[in-house]
Amino acid sequence: MPIRVTVWHEFRHEKRNPKVAEIYPHGIHEAIASHLRKASDLEVRTATQDEPEHGLSDEVINNTDVMTWWGHMAHSDVKDLIVEKLHHRVLQGMGLVVLHSGHFSKIFQRLMGTSCNLKWREELNEREILWVTRPGHPIVQGIDDHFIIPREEMYGEFFDIPEPDCTFLISSFGGGEVFRSGCTWTRGLGRIVYFRPGHEAFPTYHDPNVLQIIENAVRWAAPLAGIKPGMFGNRKKGWIDQRP
C-alpha cells in the first residue's frame, strides 16, 4: 500500500510577496509535493490554510499516514478544532514532519509541550552547513556527512524543545551559532520529525539534499502497519480466557 502523504502549507507569503512568488510560483507546498510525487510508494495531496477547514477535513485527516507542515505568519489563524483533530491523529499513529518556522505552529507546540522558541537572524548571505550526527539513520540515507545551503535564515540555540529521541542533523552558521536542525520524537503511536531549513525568501525547497531528507522523513514517520485505534479504559478480570 502506498504511504498517503498530505503536504500542508500556509500559502500566504507567495500571495503577498512577489519575491517569494518568483521562487515558488505554485507555492512551497507544490515544490515539496512535486518531488514526492516522483516516488511510486507515495500518494501525495496538498492542503493550504485558506481552504475550507484549512484543507484538513475529517476525510483528509483520517486518510493521511504522514503530514508535512509549513507555517509562518498565520499560526494563530489555524483553528483549534483542527489542531485537536491532528493531535489525536498523531497519537493514534499519523506521522508529522514539521518544517522550518513550523516550530511555532500550534500542533508542534501542543506535541512538544514547550514554547519551541529560538534565536534567529535573516541576512542575504548567511551560509548554513548541516552536519550529519547520526550516520546510517534512515532520514539521512543518501546524504553525505554534511551539505551546504548557500543562503538561509539563521536559527540558533537555545531551541526550547524536549530532548529529542534522536538528533540526526546540526547546523552551523557564520555568526558562530549552532542549531539542532534534524530531530525526532514519538508521541503516542506517532512519529514526529522536525527539519529546520526552509525560509520562504530562499530557494531551499529546490535543493536536492533538502528534498531527499523530506522524502526520507516521510517514509520514516509512516506508521509501520497502518493506524489502529489504541485500546483504553476498564478491562474486566478474566477477559483473556474469553478470547476465541
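Contact here means heavy atoms within 4.5 Å. The model is predicted.

**Exercise 1. Place Cys 116 and find which residues surround it.**

Step 1. Locate the residue. Cys 116 sits in the loop between helix H6 (106-112) and strand S5 (119-121).

Step 2. Judge its exposure. Buried means under 20% relative accessible area. Cys 116 has 0% relative accessibility, so Cys 116 is buried.

Step 3. List the contacts, leaving aside neighbours within four places in sequence. Cys 116 touches His 103, Phe 104, Phe 108, Gln 109, Phe 159, Asp 160 and Ile 161.

Step 4. Check one partner. His 103 is 13 residues apart from Cys 116 along the chain, and their C-alpha atoms are separated by 6.0 Å.

**Exercise 2. Describe how helices H3 and H7 cross.**

Step 1. Take the axes. H3 (residues 28-36) and H7 (residues 208-221) have axes that come within 10 Å and cross at roughly 70°.

Step 2. Classify the angle. Angles of 65 to 115 degrees count as roughly perpendicular. H3 and H7 are therefore roughly perpendicular to each other.

Step 3. Add the hand. The crossing of H3 and H7 is right-handed.

Step 4. Name the residues. From H3 come Ala 31, Ile 32, His 35 and Leu 36; they meet Leu 211, Gln 212, Ile 214, Glu 215 and Val 218 in H7. Six of the residues in this contact are nonpolar, two polar and one charged.

**Exercise 3. Trace the salt bridge between Arg 196 and Glu 152.**

Step 1. Find the distance. The side chains of Arg 196 and Glu 152 meet at 3.5 Å, N to O.

Step 2. Place both ends. Arg 196 is in the loop between strand S11 (190-195) and H7, while Glu 152 is in the loop between strand S7 (146-149) and strand S8 (154-156), 44 residues apart.

Step 3. Judge exposure. Arg 196 and Glu 152 are both buried.

Note on methods:
Residues are numbered from 1 along each chain as its sequence is written. This is a predicted model: local features need pLDDT of at least 70, side-chain atom pairs count only at pLDDT 80 or more; totals for chains, interfaces and linings use all residues. Side-chain values use heavy atoms; hydrogens and water are left out. Axes are lines fitted to C-alpha atoms, for helices over the stretch in contact, and angles run from 0 to 180 degrees between N-to-C directions. Helices (H or I, at least four residues) and strands (E, at least two) are DSSP runs, numbered from the N terminus. Angles under 35 degrees count as roughly parallel, over 145 as roughly antiparallel, 65 to 115 as roughly perpendicular and the rest as oblique. A crossing is left-handed if the near helix is turned anticlockwise from the far one by less than a right angle, and right-handed if clockwise. Ala, Val, Leu, Ile, Met, Phe, Trp, Tyr, Cys and Pro count as nonpolar, Asp, Glu, Lys and Arg as charged, and the others, Gly among them, as polar. Buried means under 20% relative accessible area, exposed over 50%, partly exposed in between (1.4 Å probe, protein chains only). A salt bridge is a side-chain nitrogen of Lys or Arg within 4 Å of a carboxyl oxygen of Asp or Glu.
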